[in-house]
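Trainee: Could you go through this model with me, one question at a time? I would like to see how each answer follows from the coordinates.

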Amino acid sequence: TKLQFLGLGANGLGSCAVVAGLTNLQTLYLDEDGLTDISCLQGLKQLAWLELSGNQLSDLSPLAALTQLQYVDLMANQLADLSFAPGLTALTNLNLSHNRLTDISSLLALPNLSSVALSDNPLDLSMGSPTHTVLQELQARGVQLDLSLSTPAYVPTAACYNGLVYAPEALTHANSGFITLSTTAKGRYSGKLQFGGRSFRLSG
């Protein structure tokens, strides 16, 4: 067959065997189809656009053979590594949101990457972390990054905070005071709030 475009998303296929022989496909939608295995895609060497979001995929190694891919959507799967990615040198757009990634160093091997979505992955975004270093290099290349909702949003840090508090409508002794708060690298905090002549202990 000379079929180049096929949309089979949200059909609950459970398998991609139906497309295995369609070697002229350039665009394929298999989103939300309950897929756990995509080995049947490795012969589709002409694919440039592939939609696989909302499945249950953890092994993406069959994609390594699809070197013409330019756009791949893998959002909301069970992806924990990017070992399939380095050979996909034509790839420009990649959606990896809502997965289980902790290491994204393989993205540096994609010379044509222009956009990558990484939101809602358990990435360590703290200053100086390997992930932070990779993101800095990608940004320096001009890659557009989507990190919204990435976790953890707050990186626990040992620090001390002090400040004044007051009611904006009227500054008086009765509705003003100060707060002191200490945090630990384990995510704990303790402190004291002095307000209107009363003292309150804070901890958590």
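**Contacts, core and loops**

Trainee: How many salt bridges does the count come to by this rule?

Mentor: Let's begin with the rule: a side-chain nitrogen of Lys or Arg has to lie within 4 Å of a carboxyl oxygen of Asp or Glu. Applied here, the rule gives a count of one.

Trainee: Before we go on, what pLDDT do side-chain atom pairs need in this predicted model?

Mentor: Residues are numbered from 1 along each chain as its sequence is written, and side-chain values use heavy atoms, leaving out hydrogens and water. This is a predicted model in which totals for chains, interfaces and linings use all residues, local features need pLDDT of at least 70, and side-chain atom pairs count only at pLDDT 80 or more.

Trainee: Thanks! Which side chains meet in the salt bridge with an N to O distance of 3.2 Å?

Mentor: For accessibility, buried means under 20% relative accessible area, exposed over 50%, and partly exposed in between, with a 1.4 Å probe and protein chains only. One partner has 37% and is therefore partly exposed: E137. The other is partly exposed too, because its value is 41%: R141. The 3.2 Å contact, N to O, thus joins the side chains of E137 and R141.

Trainee: In what order do the elements of the chain run from the N terminus?

Mentor: Helices (H or I, at least four residues) and strands (E, at least two) are DSSP runs, numbered from the N terminus. The chain has one helix and 11 strands. From the N terminus on, the order is β-β-β-β-β-β-α-β-β-β-β-β.

Trainee: What share of the accessible surface belongs to carbon and sulfur atoms?

Mentor: Accessible areas come from the Shrake-Rupley method with a 1.4 Å probe, and for residues the cover is limited to the protein chains shown. Of the 204 residues, 34% count as buried. The surface of the chain is about 10900 Å², and the part belonging to carbon and sulfur is 53%.

Trainee: Which element gives the largest share of the largest nonpolar core?

Mentor: Such a core is a set of buried Ala, Val, Leu, Ile, Met, Phe, Trp, Tyr and Cys residues joined through side-chain atoms within 4.5 Å. The largest one has 42 residues, and among those with the most contacts inside it are V19, L28 and L74. Its largest share, three residues, comes from residues 130-140, helix α1.

Trainee: Which residues does V19 touch, leaving out those up to four places away in sequence?

Mentor: Contact here means heavy atoms within 4.5 Å. V19 is among the residues with the most contacts inside the largest core. Its partners beyond four places in sequence are L6, L8, L25, L28, L41 and L44.

Trainee: How far apart in sequence are the parts tied together by C16 and C40?

Mentor: A disulfide is a pair of cysteine sulfur atoms within 2.5 Å, and C16 and C40 form one with their sulfur atoms 1.7 Å apart. The link is right-handed, with 120° about the S-S bond. C16 lies in the loop between β1 and β2 and C40 in the loop between β2 and β3, so the separation of the tied parts is 24 residues.

Trainee: Why is the aromatic pair of F5 and Y29 called tilted?

Mentor: Rings of Phe, Tyr and Trp (its six-membered ring) pair if their centres lie within 6.5 Å; planes under 30 degrees apart count as stacked, over 60 as edge-to-face and the rest as tilted. The centres of F5 and Y29 are 5.9 Å apart and the planes stand at 50°, so the class is tilted.

Trainee: And which kind of pair do W49 and Y71 form?

Mentor: W49 is in strand β3 and Y71 in strand β4, so they tie together parts 22 residues apart in sequence. With 3.8 Å centre to centre and 15° between the planes, the pair is stacked.

Trainee: Is S53 buried or exposed?

Mentor: S53 sits in the loop between β3 and β4. Its contacts beyond four places in sequence include D31 and E32, and the C-alpha atoms of S53 and D31 are 4.8 Å apart. Its relative accessible area is 9%, so S53 is buried.

Trainee: Where does A76, with its positive phi, lie?

Mentor: Most residues other than glycine have a negative phi. A76 is not a glycine, yet its phi is about 60°. A76 lies in the loop between β4 and β5.
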